[in-house]
Amino acid sequence: MALTWALVVLSLLPLVGAESSECANMTGTPITNATLEMISGKWFYIASAFRLPEFIEWAKAVPSAVVYLTPNQTENVVYFREYITFATEGKCLYNSSYMDIQKENGTFSRTEMNVYYLAYLIHTKDPATFIFAYFPEDKQKIGLSLYANTSQVTPEQMSEFHEASKCLGFEVSEIITTDETKSLCGPLEQQHEEERKKKLEEAAQA
């Protein structure tokens with residue numbers, strides 16, 4: 001299961017109407033070009049909290065994951081490349097695909113293995129981070145995850161994720177954090193980056 005896509009599958013609808021002001025601010029908003037520019041680039045998977053046992057198992061087996069997001073406003077899609085370290089298997093998994101964008105509805109969507117995923121982005125106070133939430137229609141499946149543009153987050157950034165987790169009914173003890181020092185994907189990332197630079201140089205010389 002390519003769960004890094006699941007980590008890009010999100011929805012906030014159950015947070016509308018939550019009692020605390022923090023929860024009330026976590027509502028889905030239309031996706032703008034500025035939003036797409038904000039999420040463009042490399043993001044580190046920092047932490048998550050899930051209800052589904054298979055997602056919990058996945059999170060415990062993945063000490064590190066990064067995703068590269070490349071929005072294409074003309075095609076109305078976001079291309080992504082993901083590098084996932086599986087500690088139990090001692091390997092790095094690479095995958096690439098895309099998400100469709102529904103700007104007016106504020107959603108991302110993708111069909112994988114005949115399963116349709118719909119997603120809403122949660123904006124945080126700090127543009128260096130964002131949060132995803134999943135399965136809003138079912139409290140037995142709901143979950144959320146934190147991404148940041150660096151592998152380390154500040155106490156303030158993590159505190160905001162803790163608050164979001166609380167809004168969804170999670171305890172801090174249920175949050176699973178990552179450790180980028182355990183990544184096995186560095187060599188493959190570097191190889192791909194060198195290959196892309198070479199192609200760009202060749203294209204510029206053509």
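Biologist: Is Lys-42 buried, partly exposed or exposed?
Modeller: Good place to begin, and please keep in mind that this is a predicted model. Buried would need a relative accessible area under 20%, and exposed would need one over 50%. The value for Lys-42 is 31%, so this residue counts as partly exposed.

Biologist: Which side chain meets that of Lys-42 in a salt bridge?
Modeller: Lys-42 belongs to strand 1 (residues 41-50), and its partner sits 147 residues away in helix 6 (residues 186-205), so the pair links distant parts of the chain. That partner is buried, because its relative accessibility is 10%. The N to O distance in this salt bridge is 3.2 Å, and the partner is Glu-189.

Biologist: How far apart are the closest N and O atoms of Lys-91 and Glu-89?
Modeller: Let us take their surroundings first: Lys-91 is partly exposed at 42% relative accessibility, while Glu-89 is exposed at 52%. A salt bridge needs the nitrogen and the oxygen within 4 Å. This pair qualifies, with its closest N and O atoms at a separation of 3.0 Å.

Biologist: By about how many helical turns are Arg-196 and Glu-193 separated?
Modeller: These two form a salt bridge with a closest N to O distance of 3.2 Å. Both are partly exposed, Arg-196 at 26% and Glu-193 at 31%. They lie 3 residues apart in helix 6, so the separation is about one helical turn.

Biologist: How many salt bridges does the count come to?
Modeller: Among them are Glu-189 with Lys-42, Lys-91 with Glu-89, and Arg-196 with Glu-193. As background, side chains of opposite charge can pair when their charged atoms come close. The full count of salt bridges is 4.

Biologist: Which residue forms a disulfide with Cys-92?
Modeller: The chain has 1 disulfide by the rule used. Cys-92 lies in strand 4 (residues 91-102), and its partner is 93 residues away, in the loop between strand 9 (176-177) and helix 6. Cys-92 is partly exposed at 22%, whereas the partner has a relative accessible area of 1%, which means it is buried. The sulfur atoms are 2.1 Å apart, and the partner is Cys-185.

Biologist: What is the handedness of the link of Cys-92 and Cys-185?
Modeller: Here we look at the torsion about the S-S bond. For this link the angle is 110°, and the link is right-handed.

Biologist: Which strand gives the largest share of the largest nonpolar core?
Modeller: This core has 28 residues, and Leu-69, Phe-108 and Phe-130 touch the most other members. Elements that each supply at least two residues include helix 3 (33-39), helix 4 (53-61), strand 2 (64-72) and strand 3 (77-86). The largest share is 4 residues, and it comes from strand 3.

Biologist: How many residues are in the second, separate core?
Modeller: Its members include Val-66, Tyr-68, Phe-161 and Phe-170. The core is separate from the one above, and its size is 21 residues.

Biologist: What percentage of contacts with a separation of 6 or more is between residues 24 or more positions apart?
Modeller: Phe-130 gives a feel for this: beyond its neighbours within four places in sequence, its contacts include Ile-39, Trp-43 and Leu-69. The chain has 6 helices and 9 strands, and 44% of its 206 residues count as buried. Across the chain, the share asked for is 62%.

Notes: Residues are numbered from 1 along each chain as its sequence is written. This is a predicted model: local features need pLDDT of at least 70, side-chain atom pairs count only at pLDDT 80 or more; totals for chains, interfaces and linings use all residues. Side-chain values use heavy atoms; hydrogens and water are left out. Buried means under 20% relative accessible area, exposed over 50%, partly exposed in between (1.4 Å probe, protein chains only). Contact means heavy atoms within 4.5 Å. A disulfide is a pair of cysteine sulfur atoms within 2.5 Å. A nonpolar core is a set of buried Ala, Val, Leu, Ile, Met, Phe, Trp, Tyr and Cys residues joined through side-chain atoms within 4.5 Å.
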